[in-house]
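Student: I'm new to this one. Could you take me through a single part of it, the place where the two chains meet, and show me how it is put together?

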Number of protein chains: 2
Amino acid sequence: MNVQNASSSQFEEIFGASGSRPGFQEWAAALQEHIEAVLSKLLPSADVAPRRLHEAMRYAVLGGGKRVRPLLAFAASEVVGAPAERAAIVGAAVELIHAYSLVHDDLPCMDDDVLRRGKPTCHVQFDEATALLVGDALQSLAFDLLSGQTLAPAPQTQLEMVRLLASAAGSRGMAGGQSIDLESIGEVLSLPELEFMHIHKTGALIRASVLLGARCGAALDAEALARLDRFAKYIGLAFQVVDDVLDAESNTATLGKTAGKDADRNKPTYVQLLGISRARELALEMRATAIEALAPFGPRAARLEELADFIVMRRF
Amino acid sequence: MNVQNASSSQFEEIFGASGSRPGFQEWAAALQEHIEAVLSKLLPSADVAPRRLHEAMRYAVLGGGKRVRPLLAFAASEVVGAPAERAAIVGAAVELIHAYSLVHDDLPCMDDDVLRRGKPTCHVQFDEATALLVGDALQSLAFDLLSGQTLAPAPQTQLEMVRLLASAAGSRGMAGGQSIDLESIGEVLSLPELEFMHIHKTGALIRASVLLGARCGAALDAEALARLDRFAKYIGLAFQVVDDVLDAESNTATLGKTAGKDADRNKPTYVQLLGISRARELALEMRATAIEALAPFGPRAARLEELADFIVMRRF
């Protein structure tokens with residue numbers, strides 16, 4: 001696992017000296033800094049009209065977040081030895097979709113949250129109408145990025161990548177998951193129903209992160225793509241289980257957002273259905289299933305495997 | 001002007017017998033019906049989960065609207081003899097962006113409108129959270145459509161079309177225009193400032209309609225594209241001037257939406273700056289500039305010319 005794949009030389013140039021593979025923490029920290037710089041460059045300057053909107057877009061995206069989705073895109077791009085520049089744009093596009101969803105979720109008509117990543121939410125810092133437009137414009141910008149420069153070996157592949165993100169974001173992906181979430185407040189869901197919700201709400205975008213990263217480089221066959229998709233599906237689910245556990249356990253200060261809110265609002269969670277202990281076990285089982293799917297990729301998938309651990313082991 | 005271009009044979013098959021060119025009203029009515037059917041087919045069924053979201057998306061898009069943007073896309077596609085199927089998808093994509101913007105504009109934190117196209121607005125008929133998600137999901141669906149099937153002679157051209165729509169919808173296009181509009185409530189704008197706002201708020205999407213339609217077929221040179229863009233720019237501005245005049249003149253019943261709202265809210269308008277009489281003259285001047293730009297295209301641009309008249313002559 002300590003062998004960097006030769007075709008990932010561009011990663012080594014950026015994130016580690018050739019021959020010495022940086023540890024996960026070092027790699028992730030360097031990439032988080034890199035993605036912050038990339039996002040800052042890609043977002044419109046607050047000096048350009050409409051200034052208030054651009055200022056609010058930058059406020060909503062920059063200066064926080066674990067950047068799990070861009071990290072997944074980078075790690076998946078390592079599997080196919082894709083150029084780091086492509087993974088950065090793809091990762092940024094997915095992160096913009098994620099950021100827009102947070103801004104809209106926090107609005108009073110949705111979760112009505114006032115704190116996000118330890119800062120006032122966008123509509124608190126600016127106003128509701130601006131926050132609405134911030135989300136709308138961030139979504140457009142994601143598709144602008146994904147179509148504005150070469151990101152794949154062939155334009156047709158890149159068109160398929162646009163479609164992949166559009167489907168993952170839309171009514172049969174993330175936005176649909178939000179809608180199911182709204183409908184399920186106060187309802188008692190079964191485990192399959194809860195899983196169905198999360199596969200849409202957070203899972204679709206996590207799968208898109210991995211698949212978009214993987215499509216930036218040399219083409220993979222259908223079986224390899226299906227394996228990456230399986231990895232991403234289980235990591236996405238584990239991510240949500242861990243979130244539920246953290247929400248049940250944490251206090252507001254360490255989480256950087258209002259804690260215990262799921263139980264307060266009678267939202268169905270894995271903890272509610274299974275208890276904390278069994279929910280933890282489930283996250284570990286999902287991690288194992290995810291990592292198993294990576295087996296044929298060997299050391300090229302080392303960062304994906306490390307990310308699986310990062311996602312599941314965050315706090316326990 | 002009574003000669004249908006030979007390369008538009010697919011249009012003739014659908015919208016008129018070969019050799020007899022239907023009048024504008026007939027053409028527009030047939031196309032409006034066609035675009036309604038296309039949108040109905042492309043929108044997710046209300047039987048598919050999440051049902052409430054899909055039902056609300058269909059409510060927001062179907063059963064009304066002049067479909068000016070799809071008509072422009074169809075008319076522009078005639079200039080290059082593009083297949084009608086492509087113009088339909090492109091027109092539907094632009095219409096979805098337009099429909100999403102109306103749903104979000106109507107929300108309480110924006111214009112707080114309760115009536116649209118003679119029906120309760122989406123958040124009144126459903127709820128605010130659903131209306132928010134409807135707009136978000138309609139935007140995703142537009143990019144899904146634009147990337148999901150062949151719409152241009154080359155995939156690279158189609159990628160450029162995706163980017164064109166993303167830019168037109170985003171912070172330097174429609175969403176940006178909305179933001180400038182918000183900032184300008186209660187402000188006294190100069191004519192150039194008002195124009196700047198409308199070039200973004202409504203103009204960007206109208207230009208995208210024309211340019212996307214034109215890129216579905218044989219490639220045009222830069223000068224021809226610039227002429228179509230000039231046409232679209234002035235038609236877009238004229239559209240807004242006419243809207244301001246109609247808003248000042250009409251009553252709620254005939255307009256199908258709450259009339260006189262601009263003046264009520266102290267929003268800057270052309271009528272406020274110029275008076276109704278001069279605003280009408282300005283619309284006619286803009287129409288003339290737009291039509292002049294079409295001269296080299298000859299009869300292939302006849303529908304675009306007719307649409308210019310339709311937009312400007314709607315009510316006076």
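Tutor: Let's look at the contact between the chains, and then at one pair of helices. Keep in mind that this is a predicted model. Chain A brings 43 residues to the contact, and chain B brings 43 residues too. On chain A's side, α3 (51–61), α7 (128–147), α8 (155–169) and α9 (174–184) each give at least two residues. The largest share comes from α7(A), with 13 residues. Sort chain A's side by class and you get 21 nonpolar, 15 polar and 7 charged residues.

Now, how do the two copies relate? Turn chain A by 180°, with a shift of 0.0 Å along the axis, and it lies on chain B with an RMSD of 0.0 Å. That is why we can speak of a two-fold axis here. If you want to find that axis from chain A, look for Pro155(A): its C-alpha is the nearest one in the chain, 2.7 Å away. Both copies also use the same surface, as 100% of chain A's contact residues recur in chain B.

Next, stay inside chain B and pick out helices α3 (residues 51–61) and α7 (residues 128–147). They pack with their axes 9 Å apart, at an angle of about 75°. An angle from 65 to 115 degrees counts as roughly perpendicular, so α3(B) and α7(B) are roughly perpendicular to each other. Where they meet, α3(B) offers residues including Leu53(B), Ala56(B) and Met57(B), while those from α7(B) include Leu133(B), Val134(B) and Ala137(B). By class, this contact of α3(B) with α7(B) has 9 nonpolar residues, 1 polar and 1 charged.

Notes. Residues are numbered from 1 along each chain as its sequence is written. Chains are lettered from A and ligands numbered from 1 in the order in which they are written. This is a predicted model: local features need pLDDT of at least 70, side-chain atom pairs count only at pLDDT 80 or more; totals for chains, interfaces and linings use all residues. Two residues are in contact if their C-beta atoms, placed from the backbone, lie within 7 Å. Helices (H or I, at least four residues) and strands (E, at least two) are DSSP runs, numbered from the N terminus. Ala, Val, Leu, Ile, Met, Phe, Trp, Tyr, Cys and Pro count as nonpolar, Asp, Glu, Lys and Arg as charged, and the others, Gly among them, as polar. Copies are superposed by least squares on the C-alpha atoms of residues with pLDDT of at least 70 in both. Axes are lines fitted to C-alpha atoms, for helices over the stretch in contact, and angles run from 0 to 180 degrees between N-to-C directions. Angles under 35 degrees count as roughly parallel, over 145 as roughly antiparallel, 65 to 115 as roughly perpendicular and the rest as oblique.
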